[in-house]
Amino acid sequence: PSSMPKTGTKRALTSTVELEGDWKVDKVVGMERRAGITHVAVRWQGFGAEGDTWEVDEYVHPPSKMAKFISNADVHLGMAYV
């Protein structure tokens, strides 16, 4: 399916409040590697930047959301991801 909901507990990047429910990725807004694992900052449908969370990349669905972020980063920032 092209929009697989993410179910579970989420905590915003700037909050200690946890919310449960079905989550759909609006877009990926950041990426970093921690201890050899790629994490992405996710903006969730229906929420603004205050609801962004860090997620392990393999749990972000659909993968096209990550591909779009990487493509835009390559074009606008001249970044390369390995």
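This briefing walks through the main features of the chain shown above, topic by topic. The model is predicted, so it helps to begin with how confident the predictor is. The chain averages a pLDDT of 73, and 63% of its residues score at least 70. It has one helix and five strands, and 29% of its 82 residues count as buried.

**Layout and confidence**

- Reading from the N terminus, you meet the elements in the order β-β-β-β-β-α.
- Confidence varies along the chain: strand β1 (residues 6–11) has the lowest mean, 52, while β5 has the highest, at 90.
- Residues 1–5 have a pLDDT below 50, and this stretch makes seven contacts in the model beyond near neighbours in sequence.
- Take the contacts in the chain with a separation of 6 or more: 30% of them come from residues 24 or more positions apart.

**Salt bridges**

- Side chains of opposite charge can pair when their charged atoms come close.
- How many salt bridges does a search of the whole structure find? There are two.
- One of them joins arginine 34 to glutamate 32, with 2.5 Å between the closest N and O atoms.
- Arginine 34 is partly exposed because its relative accessibility is 33%, and glutamate 32 is partly exposed because its value is 32%.
- Another salt bridge brings together the side chains of aspartate 52 and arginine 43, at 2.8 Å from N to O.
- Are the partners in this bridge buried or exposed? Aspartate 52 counts as buried because its relative accessibility is 5%, and arginine 43 counts as buried because its value is 18%; the cut-off for buried is under 20%.

**Aromatic rings**

- A pair of aromatic rings is described by the distance of the centres and the angle of the planes.
- The search of the whole structure turns up two aromatic pairs.
- In one of these, tryptophan 23 and tryptophan 44 are arranged edge-to-face, with 5.5 Å from centre to centre and 65° between the planes.
- This pair links distant parts of the chain: tryptophan 23 belongs to strand β2 (residues 18–23) and tryptophan 44 to strand β4 (residues 37–44), 21 residues apart.
- Tryptophan 23 and tryptophan 44 are both buried.
- Which residues do ring pairs link into a cluster? They are Trp23, Trp44 and Phe47.
- Tryptophan 54 has a charged companion: arginine 34 lies over the face of its ring, 5.1 Å from the ring centre. You have already met arginine 34 as the salt-bridge partner of glutamate 32.

**A closer look at glutamate 55**

- Where does glutamate 55 lie? Its place is in strand β5, which spans residues 53–56.
- Glutamate 55 counts as buried because its relative accessibility is 11%.
- Its side chain makes a polar contact with the side chain of threonine 53, at 2.8 Å.

**A closer look at lysine 27**

- Lysine 27 is found in strand β3, made up of residues 25–34.
- With a relative accessibility of 40%, lysine 27 counts as partly exposed.
- Setting aside neighbours within four places in sequence, lysine 27 is in contact with Ala41, Val42 and Arg43. The last of these, arginine 43, also takes part in the salt bridge with aspartate 52.
- Lysine 27 and methionine 66 are 39 residues apart along the chain, and 7.7 Å separates their C-alpha atoms.

Methods
Residues numbered from 1 in each chain as written. Predicted model: local features only at pLDDT ≥ 70, side-chain atom pairs only at ≥ 80, totals over all residues. Heavy atoms only, no water. Salt bridge = Lys/Arg side-chain N within 4 Å of Asp/Glu carboxyl O. Buried < 20%, exposed > 50% of the residue type's maximum accessible area, 1.4 Å probe, protein only. Helix = DSSP H or I, 4+ residues; strand = E, 2+ residues; numbered from the N terminus. Polar contact = N/O pair within 3.5 Å; in protein donor to acceptor, adjacent residues only side chain to side chain. pLDDT = per-residue confidence, 0-100. Contact = heavy atoms within 4.5 Å. Phe/Tyr/Trp six-rings, centres within 6.5 Å; stacked < 30°, edge-to-face > 60°. Lys NZ or Arg CZ within 6 Å of the ring centre and 35° of its normal.
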